[in-house]
Every structure is written in C-alpha cells, then in structure tokens.
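Here's a quick briefing on a two-chain model, meant to be read with the structure open beside it. The notes go topic by topic, so feel free to jump around.

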Amino acid sequence: MGNVACAEGAIAGGCEFAAGYPITPASEIGHTLAKRLPEVDGYFLQTEDEISAICAAIGASWTGKRVFVPTSGPGISLMLENIGFAVGIETPCVLVNVQRGGPTTGAPSMGLQGDMVQPRRGSHGEYEIVALCPSSPQEMFDHTAQAFNLAERYRTPVFVMADAFIGHMREEVTIPEADEIEITYRKIPEEGTDLSKIKVFLDEDVAPMPIFGRGFKSHVTSSCHDEHGNRNLIDPTALDNFIQRLRNKILKHRDEIVQVESDYDGCELVLVAYGAVARCAKEAVRVARSKGMPVGYLRVITAWPFPDREVRDLSERVKKILVLENNAGQYYPYVRASAAERAEVAFLPPEILGQVHRLEYVVEKIEEMIQ
Amino acid sequence: MSSVQHPLRKYLRPSVEATTFCPGCGDGTVLQCILRAIDELGMIMDDFVFVSGIGCAAWIISPNFNADVLHTTHGRPIAFATGIKLSLPEKKVMVVSGDGDLTAIGGNHLIHAARRNIEMVVICANNGIYGMTGGQVAPTTPREARTITTPHGSLENTFDISPMVQAAGATYVARWTTHQPRQLTKSIKKAIQKKGFAFVEVISQCPVQFGAKTGAGGAVEMLEMYRERSISVKKAGEMSPQEIEDKIVTGEFVDTVKPELCEEVARLKKKVRGKG
C-alpha cells in the first residue's frame, strides 16, 4: 500500500521522530511508523491535534533529529502557521499530504489533487517551499526518502503531495538495501563555535544549523532576524533581507531540486500532469501514439519550486499543451503563465471530480486537439 | 560605569542591555526567581533548553537568557518543548510563558502535556490579561472586570489554572504571587528537579494594562493586594468556596510520582529492540 511504502520510505530516509493525529486517508502511515520507529530507535508520537504534531516535530528537528509529519489536507490546514514557522527558522522537516476530497471535511476516502497550491501559498507571508508528487506506491517510498535529504540539505520543510488513490494503491514496491540509499545530513557548526562570528541563518547557500544541546546558546526566533538570530522588528531592510534570503535559498538551488519526466520530441501536443493523474496521461499518450498522433507528456515530479524553465522550454517547442489535474484547475494557471502565450494551453479536469480521468475521455480530447 | 556586576548577569545574553518590560511589571521578578533557582541548584545554562510562546512573559527568556532558546508561535511552546524533550531527554526543558498563551490559545497542549507526565518545567506568569496586545480580557480575568474588550465588565468565569493542571495529571503544581519570591524560587527549584510534568503558576502584576484597565492600581497597590488576599492551600482547605472566592490560594497543590513519558519511551524502545 502506498501509505505503508511512504512510512518505509521515511525510515529508509533516516526518520527518527514522527508525530501525527489520526486522519483518513493518511492514517496507515502513522500506524506503520508507530510499530516500526521504535525498532530503529525512533518514536512516533500521537499528539492531541495536528498543530501539536508539527510543533513537536520542529522541536525534535532542532535537537538534530530527522522528523516526519504525515497527514491529509485538513491536518495541513491546522499546521500552516507552524509550517511558516519552520520555514522562518529554517527547520528541516518532511510532511506528507495524502490529499482527500475537499473543501472542508469533504470526502475523506476520495482522492482529489485539491491542495496543490496550499503548500506554496497556505501559510501567511512570502516564502518558497519544496513539494514532490509521487505517482505510485514505489514513488511514495522513493520520494519520502528523498524528501528527507532535500529537507536536510536546504534546512526547509519538504512536502510529499500524494492523494487517496496513491496512498491506498497496492502495487509492488522494491525497497533497496540500506547501503544503496544515499543519506544527506544537515550542516552543524563545529563544537565551540561562537555564533556571533558565523552565519547560522539567512545564508542563500544554507547556513549550518545551531541545534540545541551542544552549548551554542542559540537564540531561535521566527520574528524577523539577522544572520545570527538577533531579532530586528523595526528596520524594513532587515525584513527584506529576511524574506529574500529565505526565498533565494530555495530558488538559487532550483536546478538541483526541480525534477520533471518528459518525452515530447517532435510532438505537437504535450500533456502535463502529476501524481495519480500522470499515470492516465502517460497511458493516453501511449494509446494516441499507437494511432499515429504526435503527442508527448511532461510529468511534474517537483511541483514546487515551480518548474518554470522546463515549462517555458516546452512552450517554445510545441504548439499545444493540455494540463490534466484531478481538481478544478490549480496548477494550470501556473503552467499557462510560464508558457506565456508561446503555446496554447488548455485544461482538462476529469468528468467527475474525485475520479482519475477515464482513458478514453483523454484520448478523445487528444484527437480533438490534434485535428 | 560601575564595574560591579549583578551576580545573575552572567546568565544573561551579553548583547542584552535593557529589559522590554513596562515599569512595575512582575515579569522581572519571575526572571530573577528562575535564575536564582538555577544558580542555587549549581546548574549551568547549557543544562537547559528554554522555550517560550508569544506575549510579554515569553520575553522573560527570549532574548534574555544566554542559553538555547526557542521563541515559538502563540500558544504552542509546550508542543515544541514536547518534541525537544523526547529527543534530548538528558536536558532540562523549561517553558516560560503567560496565561493567555498557555491556557487560552494553548490550553490543549497544557492539559495533554500534564496528562502525558512528560518531564518539563512550565512557568506560567499569570497577569490576568493580554498585556502586549493592549489589555484584552483573558480566560484568567476576574468576572466583571473591565478590560478593553469588556468595557462593560467581563461576563465570563475565570480559569483556576493550577487545580486544572493538577486534574490533568501533572506531578508537581504550585502557585505563588510575585509578592512571594522566596517561596517561588524554592518551587522552581523543586520543579526543575521533578521527574515529571512540573507546573508553577505565578500571579504577576501588570500595572500598565490590568492595573489601569480594571482599576487595580499600580504595582505597589497590586503587590499589597496579593499580600492581603493570599492564603495557603492548607488554610483554603478549611474554608468554604464562598469564603475563598476573593482569595489567592498559594502553595503546593500536588507533589507526587507517576511514570514519566521519556523514561517510558526509553523502556519501550529497549523492549521492542529485544534488549529489555
């Protein structure tokens, strides 16, 4: 099951502490971690609410632990303030959102790609985020393990944006041997370092993290601060520095972060999709090609930071782009903006929201656009 | 400049030159009692991780204490402290915050941390009002008191924090006023040494907001009022609920032993890994 693969991916990624609150359709991740983490000297804490889960995980991360917070959309809604806190004080942490039907309590067991912009814009203020979109149980494992390395490397929250389909999907998953999995560790200042002498925050090339318990006497505040953690609430240039350095820490390294999978050489029309819907898009491309149609695909693996360069390149090389999402069009405006009139960009939701697109329905749409 | 330094100055961050507290604020007393307790126990700041929330009392430790300090979001310091303590069980974790932070927006975390009996010290400076944001009514404001958001008087009942935390399962609970710094310091020392969830409530004067808005007066009047109205837990037990209505019940509410969460987690890990 995708959710079990996700939990195993977390352990393979070195997870040492996880916290969560029961929620459909993500609960199996917590169930698996509660059993498995103590076996590897870790612990899963079931908290009193989702707010407590993200806070406990951030606290644990500041002691040097690799931390994980599995949940679904309503849980993320409760966590958003403190996800912004994690961004502001540069805390490595991995979150998975097994998206369900919303708005509000919605339809817990149904899959919808309804929260795609939430990690990017959900918390208040200006910030950048990293989010991956698994398309299979195997990728629930791979992306979750990889998310830990991204979080540690860039001292930032990283999202795995699954949905109920992927979370509850049963498919073969290959778990590599432990020595085949690359583990990236965060930088930590050398013992005895005077924090007034080095940058420990707001470095675009990622400052070492002055974790607790090592005698650094770290002052950690999410209020506007300088490179040493000193609060500054009165100088607009300090705020500008605070915002821009945090954003650039991600944007400057976007080439190392952004991944897409594409196959569209010589194509007239390209389908853009991610997550569960990308499975249907790729199959529709295969069927359309067998009928002789010049159709390709671009699968978004990293939703955020937005693969702007990849979409711009695409728009320069093809006439038409069709964005498929199991929602009312959340990622589509970003694709259209990046294509910037260089190609015609259309959007195709499923016939019924909450269902992945029917193959014949997509092939018909392709035929209609090619003619 | 005098070369004489306050004996507790060594515990403060060298860059700190002034306090952010208003004149007459009780938070300075709380700050000094915490540092005295640490000093008298012969501990050092590296033995601790301090966590605070949002509000005036959160500034008691941030940025003042020269230690690992996490200044968190409103209401959540105990939730952050839970993750820190579970991951650094060998360190003392101390949360210092106000009544609004810990019992209104953060009330859920307070009762659940007490229930879990996770070892940490929580010091709640209770001034009965939201000071930093301009004197709004709090869950701890006396009924009928006039505040900026209850200009006609508060209609709501008041939280009796310490008995609530005791009922939630804390293994050490004490309440003092800023008029009792010696007793307060002694309680903080006991709380630091407690293997369990230890809660110390400090009734603390806010002359600028509470005093001015409710008519309680200045710092001196409020401290005199604390002295006049304070009665011991033992004496309160001999009085009727009506008789103690206007009193401040001070002293130790509970000092007991229960399984502590971090020790239980360590035991669980040993058992699961076949070493227990």
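Let's start with strands 4 and 6 of chain A: residues 93-99 make up strand 4 and residues 157-163 make up strand 6, and the two run parallel, joined by seven bridges. One of the pairs to click on is A:C93, whose bridge partner in strand 6 of chain A is A:P157. Keep in mind that this is a predicted model.

**The sheet in chain A**

- Strands 4 and 6 belong to an open sheet of seven strands in chain A, which goes 2-1-3-4-6-5-11 and has mixed pairing.
- At the edges you'll find strand 2 (43-46) and strand 11 (302-304) of chain A, each of them paired on one side only.
- Going from one strand to the next, the twist averages 25°.

**Helices lying across that sheet**

- Helix 2 of chain A, residues 27-36, lies across strand 1 (17-20), strand 2, strand 3 (67-71) and strand 4 of chain A. Its direction is at about 130° to strand 2 of chain A.
- Helix 3 of chain A, residues 50-61, also lies across strands 1, 2, 3 and 4 of chain A. For helix 3 the angle given is to strand 3 of chain A, and that comes to about 165°.

**Where chain A meets chain B**

- The contact takes in 35 residues of chain A and 34 residues of chain B.
- On the chain A side, the elements giving two or more residues are strand 1, strand 2, helix 3, helix 4 (73-88) and strand 7 (219-221).
- Which element of chain A gives the largest share of the side that touches chain B? That's helix 3 of chain A, with eight residues.
- By class, the chain A side splits into 16 nonpolar, 11 polar and eight charged residues.

**Strand pairing across the chains**

- Strand 7 of chain A pairs with strand 2 of chain B (residues 68-71) in the parallel sense, over three bridges.
- Within that pairing, A:V220 has B:L70 as its bridge partner, and A:T221 stands opposite B:H71.
- Strand 2 of chain B also pairs with strand 1 of chain B (residues 48-52), again in the parallel sense, this time over four bridges. There, B:F50 stands opposite B:V69.
- Are the residues on the two faces of strand 2 of chain B buried or exposed? Both faces are covered: B:D68 and B:L70 on one side, and B:V69 and B:H71 on the other, are all buried.

**Helix packing in chain A**

- Helix 11 (residues 308-317) and helix 12 (residues 332-339) of chain A have axes that come within 8 Å and cross at roughly 60°.
- That angle is why helix 11 and helix 12 of chain A count as oblique to each other, and their crossing is right-handed.
- A:D308, A:V311, A:R312 and A:S315 come from helix 11 of chain A, and they meet A:V335, A:S338 and A:A339 of helix 12 of chain A.
- Sorted by class, this helix 11 to helix 12 contact has three nonpolar, two polar and two charged residues.

**Helix packing in chain B**

- Helix 2 (residues 77-87) and helix 4 (residues 107-116) of chain B pack at an angle of about 35°, with axes 8 Å apart.
- Helix 2 of chain B brings B:I78, B:A79 and B:T82 to the contact, while helix 4 of chain B brings B:H109, B:L110 and B:A113.
- The class split for this contact is four nonpolar, two polar and no charged residues.

Methods
Residues numbered from 1 in each chain as written. Chains lettered and ligands numbered in written order. Predicted model: local features only at pLDDT ≥ 70, side-chain atom pairs only at ≥ 80, totals over all residues. Pairing = 2+ DSSP bridges. Axes fitted to C-alpha atoms, helices over the stretch in contact; angles between N-to-C directions. Contact = placed C-beta atoms within 7 Å. Nonpolar A, V, L, I, M, F, W, Y, C, P; charged D, E, K, R; others polar. Parallel < 35°, antiparallel > 145°, perpendicular 65-115°, else oblique. Left-handed = near helix turned anticlockwise from the far one by under 90°. Buried ≥ 20, exposed ≤ 12 C-beta atoms within 10 Å, placed from the backbone.
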